Amino acid sequence: MGVTLRVLFFFFFFNDTATTEIYTLSLHDALPIYAITGATITSRAATEIINSVDRAVATALLHHARKNAVKQQKLNFDPETWYVLALIILGLLVHYFAGPWVRLLFLCLVVSVGGFLMNVSLSIHWLQDLARFHFPPLSNLHTFILTAFVLVTTPLLGSLWCAHLCPFGALQELFSRLGACLHLLHNPSPRMEKIMRGTRYLMLLFVVLSLYGSNPAQAGAIDPLSTFFSGHLFGAAMGLSILISLGALFNFRFYCRNLCPVGAFLSALGGLSGLFGLRPARDFRRCDLGVKNHWDHDCLQCNRCIRELREDAK
């Protein structure tokens, strides 16, 4: 920007004088001076001018950005948000008070509305975001509410999401009930069941390790939790969904119990609920899934054992 000027008479020449009254030093070109370039003034003065303009522009832009940010963070109560709020309230009522037929009707509602109509689900991509400690923003309000509900209630009550609220899990149970009507449903041997149960925890480990790969999103490309109700079920995703659906005819909630990484995460988190005593009292001798006690991570919280007990009491 040049060197600092220290010639006093030069300063005096400009004292208390408007730029329109200052003329060039050349007597032959007596023209008014309308501006002074950075080469004419000191480097410090030029820098201060540039900085002041920069601050003014930055203040205006940032103020505008803050306004836009506030607008973007405005709560958006879209249909999915109202559905999630209703789902949570009705799900709690079903969990504690509903009989088997009411729960079956509720599962059909979850599949039709939450699945085919709105595709509200917790998928592998959701699990990857949690592993990165990325909580859903308020701009995605229905996922924000659902995530908060699941993370707060699962350690206290067990995984209500897996029990009644997951559209794909509800569809799996409907397929399994159909398999029971067709006399196809059966339980594998205890040894095989133990091996199959451990598979979903391997799937959970795979999802976490995929974050360190070159394309983490590819891990959820054929995830049935996000693709089945998306309306874009083609290729490998369709083939996997068909196999899983057929598996549910022969093994109760085949995907939920054996392959689902989201279910594995929530089951592990729900294992803490045995500490609080807030879950309904259960007779585990009636469980047809091999669950032994409150500390068993593989309890789906379906409460079918409780409902059967209530029906016998009547």
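Among contacts in the protein chain between residues at least 6 apart in sequence, 73% join residues at least 24 apart, a figure to keep in mind while moving through this predicted model.

Begin with the whole chain in a cartoon view, where the protein chain shows 14 helices and zero strands, so that, because only runs of the helix and strand classes are numbered from the N terminus, each stop below can be found by its helix label. Colouring by accessibility is a useful second view, in which 39% of the 314 residues of the protein chain count as buried.

Next, select residues 79-97, which form helix α3, together with residues 141-157, which form helix α6. The axes of these two helices come within 8 Å and cross at roughly 20°; since angles under 35 degrees count as roughly parallel, α3 and α6 are therefore roughly parallel to each other. Turn the view until one helix lies in front of the other, and the crossing in which α3 passes α6 is right-handed.

Now show the side chains between them. From α3, the contact is made by Glu80, Thr81, Val84, Leu85, Ile88, Leu92 and Tyr96, and from α6 by Leu141, His142, Ile145, Leu146, Phe149 and Leu157. Sorted by character, the residues of this contact of α3 with α6 divide into ten nonpolar, two polar and one charged.

Stay with α6 and move to the largest nonpolar core, which has 43 residues and in which Val150, Trp161, Phe168 and Val262 touch the most other members. The largest share of this core, six residues, comes from α6. Centre the view on Val150 and, leaving aside residues up to four places away in sequence, look for the residues that Val150 touches, namely Leu122, Trp126, Pro155, Trp161 and Leu266. In soluble globular proteins, nonpolar side chains tend to be buried together. A second, separate core of six residues can be selected afterwards, with Phe252, Phe284, Leu289 and Cys299 among them.

For the last stop, select residues 190-210, which make up helix α9, and pick out Thr199 within that helix. Is Thr199 buried, partly exposed or exposed? Its relative accessibility is 28%, and Thr199 therefore counts as partly exposed. Add Asn258 and Leu259 to the selection, since Thr199 touches both of these residues when those up to four places away in sequence are not counted. A distance label between the C-alpha atoms of Thr199 and Asn258 should read 5.7 Å, although the two residues are 59 residues apart along the chain.

How values were computed. Residues numbered from 1 in each chain as written. Predicted model: local features only at pLDDT ≥ 70, side-chain atom pairs only at ≥ 80, totals over all residues. Heavy atoms only, no water. Axes fitted to C-alpha atoms, helices over the stretch in contact; angles between N-to-C directions. Helix = DSSP H or I, 4+ residues; strand = E, 2+ residues; numbered from the N terminus. Parallel < 35°, antiparallel > 145°, perpendicular 65-115°, else oblique. Left-handed = near helix turned anticlockwise from the far one by under 90°. Contact = heavy atoms within 4.5 Å. Nonpolar A, V, L, I, M, F, W, Y, C, P; charged D, E, K, R; others polar. Buried < 20%, exposed > 50% of the residue type's maximum accessible area, 1.4 Å probe, protein only. Core = buried A, V, L, I, M, F, W, Y, C linked by side-chain atoms within 4.5 Å.
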